[in-house]
Amino acid sequence: MEDTIVFLDEIRTYPHLISLPKPLREERRCRFIGSGSLLGITMKSIFIPMGSIEEVRMYPMDFEEFLWARGVGADVIAYLRECFQKHQSFSDAIHRAILRRFREYLLTGGLPDSIRAFLDNDIRAMRQNQESTLAYYKADAAQYDSDHSLKIRRIYDSMRSSMENKVQRIRLTEIEGKKQARIERYLDEFDYLAHSGCALEVDAVTESHLPA
């Protein structure tokens with residue numbers, strides 16, 4: 001039984017189950033994995049016994065993982081890493097090839113199913129997967145907070161178009177059409193999107209080097 005894994009999908013639907021596996025785990029009969037969207041929000045609102053849960057955040061595939069899927073050899077990846085660490089330029093041929101792969105990676109968005117469809121030369125399936133994922137995230141983004149759901153949806157809808165602008169930031173005045181909009185009015189909504197995993201929080205910096 002020690003090799004048995006009990007997988008609880010969408011566990012946030014029944015939040016009381018999140019802390020339930022602790023006494024069961026102590027019996028050492030099974031291992032438990034709980035997954036689901038918006039778990040960051042759910043876990044903020046319930047009591048979790050210390051040491052009972054190991055939280056693992058899942059992200060899309062990174063560029064190196066995409067290169068693995070694309071069949072790029074380990075020697076090439078090692079060469080890229082070495083050049084990066086030594087602040088050296090790549091050879092022109094490898095630079096052009098890796099730039100092509102990076103553009104492909106951006107097209108897929110790092111989503112595993114989209115990458116699989118891309119590698120199968122099924123661009124239509126890739127786009128369908130991307131649009132479905134965005135729709136699911138949009139539905140999740142406002143499903144569990146009725147008081148702020150409209151503002152959450154509007155912020156979420158504006159993220160893609162905002163990133164295409166030269167300024168690359170969300171304009172607060174466009175969320176509700178208020179000319180004197182202040183960030184304090186939307187802190188809960190931005191916090192919700194970040195903790196739900198629908199968006200990644202990035203701190204703005206004025207200088208891009210490590211502090212002295």
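**Questions about a folded chain**

Biologist: Is Asn121 buried or exposed?

Modeller: In this predicted model, the relative accessible area of Asn121 is 69%. A residue needs over 50% to be called exposed and under 20% to be called buried, so with its 69% Asn121 counts as exposed.

Biologist: In which loop is Asn121 found, and what is its phi?

Modeller: Asn121 sits in the loop between helix 6 and helix 7 (123-143), just after helix 6. Most residues other than glycine have a negative phi. Asn121 is a residue other than glycine with a positive phi, and its value is near 60 degrees.

Biologist: Which other residue than glycine has a positive phi near 60 degrees, in the loop between helix 4 and helix 5?

Modeller: The loop in question joins helix 4 (74-86) to helix 5 (92-108). The residue there counts as exposed, at 75% relative accessibility. With a positive phi near 60 degrees, this residue is His87.

Biologist: Where on helix 6 do its buried residues lie?

Modeller: Helix 6 covers residues 112-119, and its buried residues are Ser114, Ile115, Ala117 and Phe118. They span an arc of only 160 degrees around the axis, and therefore they lie on the same side of helix 6.

Biologist: How many helices and strands does the protein chain have?

Modeller: Read from the N terminus on, the elements run β-α-β-α-α-α-α-α-α-α-α-α. Counting them by kind gives 10 helices and 2 strands.

Biologist: Which element gives the largest share of the largest nonpolar core?

Modeller: This core has 13 residues, and those with the most contacts inside it are Ile155, Ile175, Tyr186 and Leu193. The elements that give two or more residues to the core are helix 8 (149-164) and helix 10 (187-196). The largest share, 4 residues, comes from helix 8.

Biologist: Leaving aside its neighbours within four places in sequence, which residues is Ile155 in contact with?

Modeller: Ile155 is one of the residues with the most contacts inside the largest nonpolar core. Once the neighbours within four places in sequence are set aside, the partners of Ile155 are Ile170, Ile175, Tyr186, Glu189, Phe190 and Leu193.

Biologist: Which residue forms a salt bridge with Glu189?

Modeller: Glu189 is among the buried residues of helix 10, and its relative accessible area is 1%. Its partner lies in helix 8, 38 residues apart from it, and counts as buried at 14% relative accessibility. The closest N and O atoms of the pair are 3.5 Å apart, and the partner is Lys151.

Biologist: How many residues apart in sequence are the parts that Arg70 and Glu104 tie together?

Modeller: The side chains of Arg70 and Glu104 meet in a salt bridge of 2.8 Å, N to O, and together with Arg101 they are linked in a network of salt bridges. Arg70 counts as partly exposed at 30% relative accessibility, whereas Glu104 counts as buried at 14%. Because Arg70 lies in the loop between helix 3 and helix 4, and Glu104 in helix 5, the parts tied together are apart in sequence by 34 residues.

Biologist: Which residues make the nonpolar surface patch of about 280 Å²?

Modeller: One of its members has its place in strand 1 (residues 5-8), namely Phe7. The complete patch is made by Ile5, Phe7 and Ile33.

Methods
Residues numbered from 1 in each chain as written. Predicted model: local features only at pLDDT ≥ 70, side-chain atom pairs only at ≥ 80, totals over all residues. Heavy atoms only, no water. Buried < 20%, exposed > 50% of the residue type's maximum accessible area, 1.4 Å probe, protein only. Arc of directions from axis to C-beta. Patch = residues over 30% accessible without salt bridge, like charges linked within 9 Å, V, L, I, M, F, W, Y side chains within 5 Å. Areas by Shrake-Rupley, 256 points an atom, 1.4 Å probe, with all protein chains shown as cover. Salt bridge = Lys/Arg side-chain N within 4 Å of Asp/Glu carboxyl O. Core = buried A, V, L, I, M, F, W, Y, C linked by side-chain atoms within 4.5 Å. Contact = heavy atoms within 4.5 Å.
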